[in-house]
Amino acid sequence: MRLFLLVSLVMVAFASNSVLNRMAVFGAGLDPEWVAVLRLGAGAVVLLGLTLTLQGAKSLRISPKVVAAGMATLFLYIYGFSIASGLIDAGIGALVLFGSVQITMFLGAWMMRERLTRWRLIGAALAFVGLMTLLLPGTSGAAINPAGVGLMALGGIGWGLYSLNGKRVRDPLAATALNFTLALVLALGWLAASGDPGQGQVWGIWPALASGAITSGLGYALWYRVLPQVPASLAAIAQLSVPLIAALGGALLLAEIPGPRFWISATLVLGGIALSLKKR
């Protein structure tokens with residue numbers, strides 16, 4: 001039950017990222033590269049502060065290969081996600097993101113020769129079908145931007161690889177702090193190369209900072225902590241609930257009201273997750 005509650009808390013944090021970044025990039029009109037810098041910077045400050053306070057500087061001595069992989073895959077996710085957040089709405093974006101995550105993590109589980117049970121495969125397929133119903137005509141008032149879908153899928157691949165890399169980490173808090181700090185350097189390079197950033201309304205800074213400090217930084221640290229206890233394939237299935245939570249958040253905060261098909265999708269996704277937990 002404790003593990004279930006922790007995973008549920010992380011899924012809510014991930015869904016909040018979709019809504020908060022949508023508010024910053026689309027609602028306030030901030031440039032994606034600025035949102036990426038604010039998000040990574042806020043996360044790095046919080047995580048480094050926690051790491052140094054609770055564990056000391058010695059905990060930051062982590063394998064360079066693990067840190068480099070975490071930095072690269074985190075930035076790949078941030079890059080695709082930040083741009084796509086201004087092109088497609090929160091619910092659809094989260095669907096594409098975690099659909100890509102699922103495919104990436106299942107391929108990773110297969111390559112690592114993890115045993116995939118029949119119920120887990122059936123549950124994943126049912127949950128994915130449920131997510132696909134959100135893409136059918138009439139499910140959203142906004143047109144789906146192909147570039148936004150492609151960039152969000154790229155972000156999903158990055159996040160899937162980042163999650164798989166997290167299974168090799170012994171100290172999740174220190175590793176996440178280093179990943180955010182080093183990925184921030186890449187984001188600053190992206191910002192410098194963008195030319196003339198700085199558009200948008202000032203209030204958009206706050207959801208970007210909240211996404212970095214709370215739902216990203218602390219959320220990812222917690223995710224790294226529970227990942228070693230969760231099989232890669234099951235972690236992928238659990239993340240399929242995020243688009244539904246994000247769509248609900250979009251309805252409350254962005255006036256994206258889900259229709260009846262949303263609830264059909266929710267039933268299929270949650271039912272698929274339940275089936276994936278069966279051992280016999």
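Here are some short exercises, each with a worked solution, on the predicted model shown above.

**Exercise 1. Getting an overview**

Find how many helices and strands the chain has, and which order the elements follow.

*Solution.* Start by counting elements: the chain holds 11 helices and 0 strands. Next, walk from the N terminus, and the elements read α-α-α-α-α-α-α-α-α-α-α. Then turn to burial: 52% of the 280 residues count as buried. The accessible surface is about 12600 Å², and 71% of it belongs to carbon and sulfur atoms. Finally, consider contacts between residues at least 6 apart in sequence: 90% of them join residues at least 24 apart.

**Exercise 2. Exploring the largest core**

Work out which residues have the most contacts inside the largest nonpolar core, and which helices supply it.

*Solution.* The largest nonpolar core has 53 residues. Within this core, the residues with the most contacts are Phe-14, Leu-40, Leu-74, Tyr-77, Trp-159, Tyr-220 and Trp-223. Now look at where the core comes from: at least two residues each are supplied by H1 (2-27), H2 (32-54), H3 (64-84), H4 (90-111), H6 (146-166), H7 (172-193), H8 (205-226) and H10 (242-253). The largest share, 9 residues, is that of H7. Another core, of 7 residues, lies apart from this one, and its members include Ala-24, Val-25, Leu-30 and Leu-38.

To see the main core from one of its residues, pick Leu-74. Leaving aside neighbours within four places in sequence, Leu-74 is in contact with Leu-40, Tyr-162, Asn-179, Phe-180, Ala-183 and Tyr-220. As a general background, nonpolar side chains in soluble globular proteins tend to be buried together.

**Exercise 3. Checking helix lengths**

Decide whether the end-to-end distances of H7 and H10 agree or disagree with the expected spans.

*Solution.* Take H7 to begin with. Its 22 residues, at 1.5 Å a residue, should span 32 Å. The end C-alpha atoms of H7 are 31 Å apart, so the distance agrees with the expectation. Just beyond, H7 is followed by Gly-195, which has a positive phi near 100°.

Now take H10. With 12 residues, H10 should span 16 Å, and its end C-alpha atoms are 16 Å apart, so this helix agrees too.

**Exercise 4. Following H10 to its partners**

Identify the buried residues of H10, then find which residues of this helix Val-19 touches.

*Solution.* The buried residues of H10 are Val-242, Pro-243, Leu-244, Ala-246, Ala-247, Gly-249, Gly-250 and Ala-251. Leu-244 has a relative accessible area of 8%, which is under the 20% cut-off, so this residue counts as buried. Between the C-alpha atoms of Leu-244 and Gly-91 the separation is 6.9 Å, although their positions lie 153 residues apart along the chain.

Next, move to Val-19 in helix H1. Val-19 is buried, at 4% relative accessibility. Not counting residues up to four places away in sequence, Val-19 touches Ala-90, Ala-246, Gly-249, Gly-250, Leu-253 and Leu-254. From H10 (242-253), the touched residues are therefore Ala-246, Gly-249, Gly-250 and Leu-253. The C-alpha atoms of Val-19 and Gly-93 are 9.6 Å apart, and these residues are 74 apart along the chain.

**Exercise 5. Buried or partly exposed?**

Sort Thr-104, Ser-16 and Trp-263 into buried or partly exposed.

*Solution.* Thr-104, in helix H4, has a relative accessible area of 11% and is therefore buried. Its contacts beyond four places in sequence are Gly-156, Ile-157, Gly-160, Leu-161 and Leu-164.

Ser-16, in helix H1, is partly exposed at 24%. Ser-16 and Thr-215 are 199 residues apart in sequence, yet 6.6 Å apart from C-alpha to C-alpha.

Trp-263, in helix H11 (260-276), is partly exposed at 48%. From Trp-263 to Gly-130 the C-alpha distance is 9.6 Å, with 133 residues separating them in sequence.

**Exercise 6. A nonpolar patch on the surface**

Find which residues make the nonpolar surface patch, and which elements give two or more of them.

*Solution.* The patch covers about 370 Å² and is made by Leu-50, Leu-54, Ile-214 and Leu-218. H2 and H8 are the elements giving two or more residues to this patch. As a last step, check Leu-218, which sits in H8: its relative accessible area is 37%, so Leu-218 is partly exposed.

Note on methods: Residues are numbered from 1 along each chain as its sequence is written. This is a predicted model: local features need pLDDT of at least 70, side-chain atom pairs count only at pLDDT 80 or more; totals for chains, interfaces and linings use all residues. Side-chain values use heavy atoms; hydrogens and water are left out. A nonpolar core is a set of buried Ala, Val, Leu, Ile, Met, Phe, Trp, Tyr and Cys residues joined through side-chain atoms within 4.5 Å. Buried means under 20% relative accessible area, exposed over 50%, partly exposed in between (1.4 Å probe, protein chains only). Helices (H or I, at least four residues) and strands (E, at least two) are DSSP runs, numbered from the N terminus. Contact means heavy atoms within 4.5 Å. The expected span of a helix is 1.5 Å times one less than its number of residues. Patches are made of residues with over 30% relative accessible area and no salt bridge: like charges are joined within 9 Å, nonpolar side chains (Val, Leu, Ile, Met, Phe, Trp, Tyr) within 5 Å. Accessible areas come from the Shrake-Rupley method with a 1.4 Å probe; for residues, only the protein chains shown count as cover. A salt bridge is a side-chain nitrogen of Lys or Arg within 4 Å of a carboxyl oxygen of Asp or Glu.
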